[in-house]
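Colleague: I have one request about this model. Please take a close look at how its charged side chains are placed, then tie that part back to the rest of the chain.

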Amino acid sequence: MLKLGGYINILIAIGHIVGLIWADQMFEVTGIGKEMNVLAQTHSSLPYLLTVFVSIVFFIFGLYGLSADRKFRKLPFLKLGVFVIGGIYILRGLGELIVDTIQETNSSTEIVYSILALAIGLLFIIGGLKKWKYKKE
């Protein structure tokens with residue numbers, strides 16, 4: 001579970017970087033086109049820099065998943081990191097679903113992203129519980 005969560009995060013990170021080739025289309029497809037246009041009004045490089053930063057965060061999340069599954073060297077605060085990453089994903093998934101339901105702005109794209117976030121969060125939480133329930137590290 002942790003390995004799968006790790007690889008998914010690395011793929012998401014790579015997708016963000018590759019998507020910069022078609023940045024405007026990627027921003028529109030992911031539903032953040034308007035926000036990125038506003039950000040670009042401050043400085044034209046900000047949407048790209050933000051995307052690179054987000055990609056780095058996803059990559060680090062991926063390394064934590066792989067590290068917990070012993071596919072990568074042990075990272076600091078590994079146990080805490082795995083559960084925090086899982087919590088971030090679950091909060092993102094549930095939070096988006098709840099807010100969109102309250103505001104009645106649910107779109108199929110946002111629902112899919114929220115379900116994916118919940119699934120990745122569960123991979124980290126359940127994977128972490130399985131790993132550290134039976135082994136004490």
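**The charged pair and its surroundings**

Modeller: Let's start with the whole chain: of the contacts in the protein with a separation of 6 or more, 68% are between residues 24 or more positions apart. Keep in mind that this is a predicted model. The protein has six helices and zero strands, so the elements read α-α-α-α-α-α from the N terminus on. The C-alpha trace spans about 50 × 35 × 20 Å along its principal axes, and buried residues make up 34% of the 137 residues.

Now for your part. A search of the whole structure turns up one salt bridge. The side chains that meet in a salt bridge are R92 and E110, at 3.7 Å from N to O. The pair links distant parts of the chain, with R92 in helix α5 and E110 in helix α6, 18 residues apart. What about cover on either side? R92 has a relative accessible area of 33%, so R92 is partly exposed. E110 is at 17% relative accessibility and therefore counts as buried, because the cut-off for buried is under 20%.

There's another acid to look at here, D100. Like R92, D100 belongs to helix α5, which covers residues 78-103. D100 is buried yet has no salt bridge. Which side chain of opposite charge is nearest to D100, and how far away is that side chain? The nearest one is R92, at 6.9 Å. A salt bridge needs a nitrogen within 4 Å of a carboxyl oxygen, so the 6.9 Å between D100 and R92 doesn't qualify. R92 therefore turns up twice: as the partner of E110 and as the nearest opposite charge to D100, with the 4 Å cut-off separating the two cases. Setting aside neighbours within four places in sequence, D100 is in contact with T105, N106 and E110. So E110 is in contact with D100 and also bridged to R92.

Next to this part in sequence is the loop between α5 and α6, where E104 is found. Phi of E104 is near 55 degrees, a positive value in a residue other than glycine. At 73% relative accessibility E104 counts as exposed, whereas the acid E110 is buried at 17%. F77 has a similar story to tell: its phi is near 55 degrees too, again positive and again not in a glycine. F77 is in the loop between α4 and α5, and at 67% relative accessibility it counts as exposed.

Helices α5 and α6 also share the nonpolar interior. The largest nonpolar core has 16 residues, and those with the most contacts inside it are A68, L78, V82, I85, Y89 and F124. Two or more residues of this core come from each of α1, α4 (46-68), α5 and α6 (108-134). The biggest share is from α4, with five residues. So the helices that carry R92 and E110 are both among the elements that build this core. Take L78 as a way in: leaving aside neighbours within four places in sequence, L78 is in contact with Y64, S67, A68 and W132. Apart from the 16-residue core lies another core, of five residues, with L20, A23, F27 and M36 among them.

Now to the outside. The accessible surface of the protein comes to about 8700 Å², and 71% of that belongs to carbon and sulfur atoms. L11, I14, V18, I21 and W22 form a nonpolar patch on the surface, with about 540 Å² of accessible area together. I14 in this patch is found in helix α1 and counts as partly exposed at 45% relative accessibility. I21 is in the loop between α1 (2-19) and α2 (23-29), and it is exposed, with a relative accessible area of 62%. For a sense of distance along this stretch, the C-alpha atoms of I14 and M1 are 13 residues apart along the chain and separated by 20 Å.

One more distance, away from the charged pair: T42 and P76 are 34 residues apart in sequence and 36 Å apart in space, C-alpha to C-alpha. T42 is in helix α3, residues 33-42, and counts as exposed at 62% relative accessibility.

Back to your request, in brief: R92 and E110 make the one salt bridge found, linking α5 to α6, while D100 is buried without a salt bridge but in contact with E110.

Key
Residues numbered from 1 in each chain as written. Predicted model: local features only at pLDDT ≥ 70, side-chain atom pairs only at ≥ 80, totals over all residues. Heavy atoms only, no water. Patch = residues over 30% accessible without salt bridge, like charges linked within 9 Å, V, L, I, M, F, W, Y side chains within 5 Å. Areas by Shrake-Rupley, 256 points an atom, 1.4 Å probe, with all protein chains shown as cover. Helix = DSSP H or I, 4+ residues; strand = E, 2+ residues; numbered from the N terminus. Buried < 20%, exposed > 50% of the residue type's maximum accessible area, 1.4 Å probe, protein only. Lys, Arg positive; Asp, Glu negative; His and termini not counted. Contact = heavy atoms within 4.5 Å. Core = buried A, V, L, I, M, F, W, Y, C linked by side-chain atoms within 4.5 Å.
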